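Me: I would like to learn how to read a fold from its coordinates, taking one feature at a time. Could you show me the general idea and then the case at hand?

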Amino acid sequence: MGIEEVMREIEAESSKGGKFLPIVGSVKGNFLYMLAKVSQAKNVLDLGTLTGYSALLLSKCVGKDGRIVTVENDKTLFEEALKNFKKAKVKNIRPRFGDAKEILRQMKDRKFDFIFLDIWKEDYVKVLDDCVKLLKVNGLLVADNALWDEEPLKEWRKSIFNHKQVVSFLVPLGDGMSVSMRIK
Ligand SMILES: C[S@@+](CC[C@H](N)C(=O)[O-])C[C@H]1O[C@@H](n2cnc3c(N)ncnc32)[C@H](O)[C@@H]1O
C-alpha cells in the first residue's frame, strides 16, 4: 500500500462504528502540509502519533531525504501506528514510545525545522519551552485545536503570545491551529 492509501484507511477507521479517533484530518492536514512544504522542512517532530496519520502526511511532505520523529505514549496506539508505517512502507519515520515531556528533555541537542504539537492539551504549555529549544531559528511550531475555549488552550494562547523567542498567530481553520516561528 502507498502512503495516501494508508492515510485514507486511517481516516475511514477514525470515525467507524461510532468511534472517534482525533486525527488532524484532511482540511487542517492540507494546511499543515503546505506550511511544512513552503518552509522546506526536512527534520520534523510530530508530537502525538495516535495511529500515524499526521506522521504519514509529514513523511510524504519531507520526502526520502527528510526525517520525522513521532512520539506516542499509549502502547496500543503506538503499535497500531507501527503497523500503519510498515503498511505504507515508509523509511523516514522514527517512532518513539513514551511521554513527550520526557522525550523532549532527552533530545536537547536536536534541531528541528518543524514541530507539530498534538498531544493532550494539558501538556501543551508544559512542553512549550522544550519545543522552542529544539526548534531552529525560523523554524515553525504548529499546535492543533488552538481555538478551543478551554483552560489549557487559553493558557497556551497566552503563553505563545508572551513568549520572547517566537512570533505567533492563530489560524481560524476548523477548531484552530496556532503557528509560532522561532525568531531568536
Ligand atoms: C490528537 S491525537 C494525535 C493525532 C495525530 N497527530 C494525527 O493527526 O493523526 C493525540 C495523541 O497524543 C497522545 N499523547 C497525549 N499526551 C501525550 C504525551 N504527553 N506524550 C506522548 N503522547 C501523548 C495520545 O495518546 C494520542 O494518541
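**Reading helices, burial and backbone**

Reply: Let us start with a pair of helices: H6 and H7 are roughly parallel to each other, since angles under 35 degrees count as such. The axes of helix H6 (residues 124-134) and helix H7 (residues 151-162) cross at roughly 25° and come within 9 Å. Please keep in mind throughout that this is a predicted model.

Me: Which residues of H6 and H7 meet?

Reply: On the H6 side they are Tyr124, Val125 and Leu128, and these meet Pro152, Glu155, Trp156 and Ser159 in H7. Sorted by class, the contact of H6 with H7 has five nonpolar residues, one polar and one charged.

Me: Stepping back from this pair, how many helices and strands does the chain have, and in what pattern do they follow along the sequence?

Reply: There are seven helices and seven strands in the chain, and reading along the sequence gives the pattern α-α-β-α-β-α-β-α-β-α-β-α-β-β.

Me: What does the radius of gyration of the chain say when it is set against a compact globule?

Reply: The idea is to compare the value with the one expected for the chain length: for 184 residues a compact globule would have a radius of gyration near 16 Å, and the 15 Å of the chain agrees with that. The C-alpha trace spans about 45 × 35 × 30 Å along its principal axes. As for contacts with a separation of 6 or more, residues 24 or more positions apart account for 69% of them.

Me: How is burial read, and what share of the residues of the chain count as buried?

Reply: One counts the other C-beta atoms within 10 Å of a residue's own, and 20 or more make the residue buried, while 12 or fewer make it exposed. By this reading, 39% of the 184 residues of the chain count as buried. Helix H3 is a good case to study, because ten of its ten residues are buried and it is therefore largely enclosed by the rest of the structure. Those buried residues are Tyr53, Ser54, Ala55, Leu56, Leu57, Leu58, Ser59, Lys60, Cys61 and Val62.

Me: What covers the buried residues of H3?

Reply: The cover includes helix H1 (3-13) and helix H2 (25-38), together with strand S1 (43-47), S2, strand S3 (93-97) and strand S4 (112-117). Just after H3 comes glycine 63, with a positive phi of about 75°.

Me: Where else should I look at phi?

Reply: The general idea is that most residues other than glycine have a negative phi. Leucine 50, in the loop between S1 and H3, has a positive phi near 55°, and this leucine counts as buried with 24 C-beta neighbours inside 10 Å. Asparagine 145, in the loop between strand S5 (135-144) and H7, also has a positive phi, of about 60°, and it is buried with 21 other C-beta atoms within 10 Å.

Me: Is threonine 49 buried or exposed, and with which residues is it in contact beyond its sequence neighbours?

Reply: Threonine 49, which is found in the loop between S1 and H3, counts as buried, with 30 C-beta neighbours inside 10 Å. Leaving aside neighbours within four places in sequence, its contacts are Ala55, Thr70, Val71, Glu72, Leu77, Phe78, Ala81 and Pro95. Its C-alpha atom is 9.2 Å from that of arginine 96, although the two residues are 47 apart in sequence.

Me: Is serine 15 buried or exposed?

Reply: Serine 15, in the loop between H1 and H2, is exposed, having 12 other C-beta atoms within 10 Å. Its C-alpha atom lies 33 Å from that of glycine 139, and 124 residues separate the two in sequence.

Me: Finally, how many residues surround the ligand, and which elements each supply at least two of them?

Reply: The ligand is surrounded by 19 residues, the closest being Val24, Gly48, Tyr53, Ser54 and Ala100. Helix H3 (53-62), strand S2 (67-72) and helix H5 (100-106) each supply at least two residues of this shell. By class, the shell has ten nonpolar, three polar and six charged residues.

How values were computed. Residues are numbered from 1 along each chain as its sequence is written. This is a predicted model: local features need pLDDT of at least 70, side-chain atom pairs count only at pLDDT 80 or more; totals for chains, interfaces and linings use all residues. Helices (H or I, at least four residues) and strands (E, at least two) are DSSP runs, numbered from the N terminus. The radius of gyration is taken over C-alpha atoms; the globule rule is 2.2 Å times the number of residues to the power 0.38. Two residues are in contact if their C-beta atoms, placed from the backbone, lie within 7 Å. A residue is near a molecule or strand if its C-beta atom, placed from the backbone, lies within 6 Å of it. Ala, Val, Leu, Ile, Met, Phe, Trp, Tyr, Cys and Pro count as nonpolar, Asp, Glu, Lys and Arg as charged, and the others, Gly among them, as polar. Axes are lines fitted to C-alpha atoms, for helices over the stretch in contact, and angles run from 0 to 180 degrees between N-to-C directions. Angles under 35 degrees count as roughly parallel, over 145 as roughly antiparallel, 65 to 115 as roughly perpendicular and the rest as oblique.
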